[in-house]
Amino acid sequence: MPAQDEPRPHSLGLEPSPDESLQSYVFRLARRRRTEPPHALAIRLGWARLATRVRRDVVERLAREAQVPLKSLLPLWRGDPDNSHVLFWNRRLPVSALDWRSGAGRKVCPECLAEFGRHLAVWDLSFVSACPIHRAALVDTCLACKLPLSWKGDDVAWCGCAAGGDLRRIRAAPVTLEQAHATACVQGMLGDPRFASEGAEALARPPFQNMTPGRAVEFLVRLGLDAVATRPRRQPFAFERLGDYDVPPHESLARALAAVGNWPTGFPAVLDHLRRHHVTDVGEATRRVTTPVVRWVTHVSGGGGKEIRRAVAEYRRATRALPGYVSWHDKRKARAAAIRSDGEE
Ligand SMILES: [Zn+2]
Ligand SMILES: [Zn+2]
């Protein structure tokens, strides 16, 4: 923080950090300049609300305003609001990868916030719920006002409520080593330089051959949600949590990573787990659980996902030998026979 008697008009040399969110930079810039609150600054530049994605021209305006090169702000940009994907450090992710797209949520690691004085971009991801460095769950509620954290007030480290709410003083719940490691892997896969080796190691796993890191992360998120489901998912293998989970993302990621690390047996074990929740016959349950995987993997470009396709085919083949399996063909034959016998009576 500069002394208050430093009358410098513009950015005051405030460089954006590639690991922070655009909201974080707007907050820090407004605080450094002390001429208007962050929300006023954001709205003047073209934001509708602070916790939304903005068009590139808003980022260009921010760069001019702050007198920093546009290219230093682009890593903080999440892509055009009209895009059906989110940009995250040059990787493409489904739109629901961003937690705050509905405008409410914000979550933080209190210790990182104290250390860096900025809001890290990875905390905005729906599947990141732990800090691998501090082995702690991210915090999403203010202790002072008991309300969900959002982008209020004028300091990135404070809740912004009337009760105060220093986010750096909140004690976060610990997570296990596996949960922290899984989160580190995913952050590394996305390009977080602090976890480059964890990311590279995860990307070397067989299912991720020829797959972009963004797609590989997507696979882990989808598989993790299947792995922790306690009832049939409305959409198996969906990227969205759809509100029916008690298990936090750091646990579902840990399960997905364990399944991928134990390739190829770990993957069919997850499919099996999800299939058992279906009350329909084995054949139908297998189709429900595997069809979305095949549909997804078909859209993976560049020859990636071959191992996944192969594993699904093998799983389907093995299912046919199970007791209670009825194929589509047998079902049709049985239906035709029933109709014939009805006619004979
Ligand atoms: Zn932390
Ligand atoms: Zn508060």
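These exercises walk through a predicted model of one protein chain.

## Exercise 1. Survey the whole chain

Find how many helices and strands the chain has, and what box its C-alpha atoms fill.

Solution.
Step 1. Count the elements. The protein chain holds 13 helices and six strands.
Step 2. Take the box along the principal axes. The C-alpha atoms fill roughly 95 × 40 × 40 Å.
Step 3. Look at burial. Of the 345 residues, 40% are buried.
Step 4. Look at contacts with a separation of 6 or more. Residues 24 or more positions apart account for 60% of them.

## Exercise 2. Split the chain into domains

State the bounds of the domains, then describe the contact of domain 1 with domain 2.

Solution.
Step 1. Set the bounds. Domain 1 covers 22-169, and domain 2 covers 178-315.
Step 2. Place the centres. Taken over C-alpha atoms, they are separated by 28 Å.
Step 3. Count the residues in contact. Domain 1 gives 15 residues and domain 2 gives 22 residues.
Step 4. Find the main contributor in domain 1. Strand E2 (residues 91-94) supplies four residues, the largest share of that side.
Step 5. Sort the domain 1 side by class. Ten residues are nonpolar, two are polar and three are charged.

## Exercise 3. Read a hairpin

Work out how E1 and E2 run, and which residues pair across them.

Solution.
Step 1. Get the direction. E1 and E2 run antiparallel, joined by four bridges.
Step 2. Match the partners. Val-86 stands opposite Leu-93 in E2. Leu-87 has Arg-92 as its bridge partner in E2.
Step 3. Compare the faces of strand E1 (residues 85-88). Val-86 and Phe-88 form the covered face, while His-85 and Leu-87 form the uncovered one.
Step 4. Go to the turn. The hairpin has two residues between its strands. Trp-89 lies in this loop between E1 and E2.
Step 5. Check the backbone of Trp-89. Its phi is positive, near 50°, and the residue is not a glycine.
Step 6. Judge exposure. Trp-89 has 18 C-beta neighbours inside 10 Å, so it counts as partly exposed. The partly exposed class lies between 12 or fewer, which is exposed, and 20 or more, which is buried.

## Exercise 4. Classify two helix pairs

Decide whether H6 and H7, and then H9 and H10, are perpendicular or oblique.

Solution.
Step 1. Recall the description. Two packed helices are described by the angle and the distance between their axes.
Step 2. Take helix H6 (residues 177-190) and helix H7 (residues 196-203). Their axes come within 7 Å and cross at roughly 90°.
Step 3. Apply the cut-off. Angles from 65 to 115 degrees count as roughly perpendicular. H6 and H7 are therefore roughly perpendicular to each other.
Step 4. List the contact. H6 uses His-181, Ala-184, Cys-185, Gly-188 and Met-189. H7 uses Ala-196, Glu-198, Gly-199, Ala-202 and Leu-203.
Step 5. Sort the H6 and H7 contact by class. Six residues are nonpolar, three are polar and one is charged.
Step 6. Turn to helix H9 (residues 249-261) and helix H10 (residues 266-275). Their axes come within 6 Å and cross at roughly 130°. This angle makes H9 oblique to H10.
Step 7. List this contact too. Ala-258, Ala-259, Val-260 and Gly-261 of H9 meet Gly-266, Phe-267, Ala-269 and Val-270 of H10.
Step 8. Sort the H9 and H10 contact. Six residues are nonpolar, two are polar and none is charged.

## Exercise 5. Spot the unusual backbone

Find where Arg-34 and Pro-264 lie, and describe the backbone at each.

Solution.
Step 1. Recall the usual case. Most residues other than glycine have a negative phi, and most peptide bonds are trans.
Step 2. Check Arg-34. Its phi is positive, about 55°, although it is not a glycine.
Step 3. Place Arg-34. This residue lies in the loop between helix H1 (22-33) and helix H2 (38-45).
Step 4. Judge its exposure. Arg-34 has 11 C-beta neighbours inside 10 Å, so it counts as exposed.
Step 5. Check Pro-264. The peptide bond from Trp-263 to Pro-264 is cis, with omega near 5°. Pro-264 lies in the loop between H9 and H10.

## Exercise 6. Trace one loop residue

Say where Ala-172 lies and which residues it touches.

Solution.
Step 1. Locate it. Ala-172 is in the loop between strand E6 (164-166) and H6.
Step 2. Count neighbours. Ala-172 has 18 other C-beta atoms within 10 Å and is partly exposed.
Step 3. Leave out residues up to four places away in sequence. Ala-172 then touches Cys-109, Pro-110, Ala-136, Ala-137 and Val-139.

Note on methods: Residues are numbered from 1 along each chain as its sequence is written. Chains are lettered from A and ligands numbered from 1 in the order in which they are written. This is a predicted model: local features need pLDDT of at least 70, side-chain atom pairs count only at pLDDT 80 or more; totals for chains, interfaces and linings use all residues. Axes are lines fitted to C-alpha atoms, for helices over the stretch in contact, and angles run from 0 to 180 degrees between N-to-C directions. Angles under 35 degrees count as roughly parallel, over 145 as roughly antiparallel, 65 to 115 as roughly perpendicular and the rest as oblique. Two residues are in contact if their C-beta atoms, placed from the backbone, lie within 7 Å. Ala, Val, Leu, Ile, Met, Phe, Trp, Tyr, Cys and Pro count as nonpolar, Asp, Glu, Lys and Arg as charged, and the others, Gly among them, as polar. Domain bounds come from an automatic or database domain assignment. Two strands pair if DSSP finds at least two bridges between them.
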